[in-house]
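Let's take a walk through this one together. Have the sequence and the 3D view open, and follow along.

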Amino acid sequence: MSILVIDDNKIRASIIEEGLRDAGHDEVMLVHQLDGLVRQIADLNPDVIVIDLENPNRDRLEHMFQVSRAVRRPIAMFVDKADSQSIEAAVDAGVSAYIVDGLKRERVKPILDMAISRFRAFSKLATELEDARNELAGRKTIDRAKGILMKSKGLSEQEAYDLLRRSAMNHGRKIIDVAQSLVIASGLLED
């Protein structure tokens, strides 16, 4: 597992690096320059990101939150102090672990493990939510297509569905694809 440590303070970065290496992580990369950070992350392509911010101001925190939204990886963020708005913004930005005043070498590995676990759990929930939304949208499209068939051909709901299913099977397509085509074609014919 490759881990990227982002910190413009080299001494603090070395504490995190030592904690990670002590925990058995050999592939640790350090970034001290914060300009062009998203590009640097894309180039290095780490599995996990650790961000250390010593006394961050609002602009710096917002910049890091933008980075965390863009990269979609487990992120553990160490800060020296925080307020409730910063914590809420970190959660909204997808930061997996937001640790206030907790930069100790022996704590790095458990915090990293927790960040990875939270990221995986959140990613699973986000995927399930997206799948449910797609399923619902697909059902709505199929219902619209059935309505079009029922109206234009005088079919029952079950007959309309069976016609969609037969058409999908005959053409080697999914029912949703046939339904989308029918809805689009019907819209073109109405205009």
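How many bridges join strand 4 to strand 5? There are four, and the two strands run parallel. Keep in mind as you look that this is a predicted model. Strand 4 covers residues 75-79, and if you want a spot to aim for, find Met77, which stands opposite Tyr98 in strand 5.

Now zoom out to the sheet. Strands of a sheet pair through backbone hydrogen bonds, either parallel or antiparallel. Here you have an open sheet of five strands with parallel pairing, in the order 2-1-3-4-5. Strand 2 (28-31) and strand 5 (97-100) are the edge strands, so to speak the two borders, each pairing on one side only. On average, neighbouring strands of the sheet are turned by 15° against each other, ignoring direction.

Next, look for helix 1, residues 10-22. This helix lies across strand 1 (3-6), strand 2, strand 3 (48-53) and strand 4. Against strand 2, helix 1 runs at about 170°.

Last stop: the empty space. Rolling a probe the size of a water molecule over the atoms shows where empty space is left. The largest pocket has a volume of about 410 Å³. Its lining is made up of 15 residues, and Arg72, Ala93, Gly94, Phe119 and Phe122 lie nearest the centre. Helix 3 (58-71), helix 4 (84-92) and helix 5 (108-153) each supply at least two residues of that lining, with helix 5 giving the most, at five residues. By character, the lining divides into six nonpolar, four polar and five charged residues.

Technical notes. Residues are numbered from 1 along each chain as its sequence is written. This is a predicted model: local features need pLDDT of at least 70, side-chain atom pairs count only at pLDDT 80 or more; totals for chains, interfaces and linings use all residues. Side-chain values use heavy atoms; hydrogens and water are left out. Two strands pair if DSSP finds at least two bridges between them. Axes are lines fitted to C-alpha atoms, for helices over the stretch in contact, and angles run from 0 to 180 degrees between N-to-C directions. Contact means heavy atoms within 4.5 Å. On a 1 Å grid over the protein atoms alone, a cavity is a set of points where a 1.4 Å probe fits but cannot get out, and a pocket is an open set with protein on both sides within 12 Å along at least five of seven lines; lining residues have an atom within 4 Å of a point. Grid points are joined across faces, edges and corners, and a volume is the space filled by probe spheres set on the points. Ala, Val, Leu, Ile, Met, Phe, Trp, Tyr, Cys and Pro count as nonpolar, Asp, Glu, Lys and Arg as charged, and the others, Gly among them, as polar.
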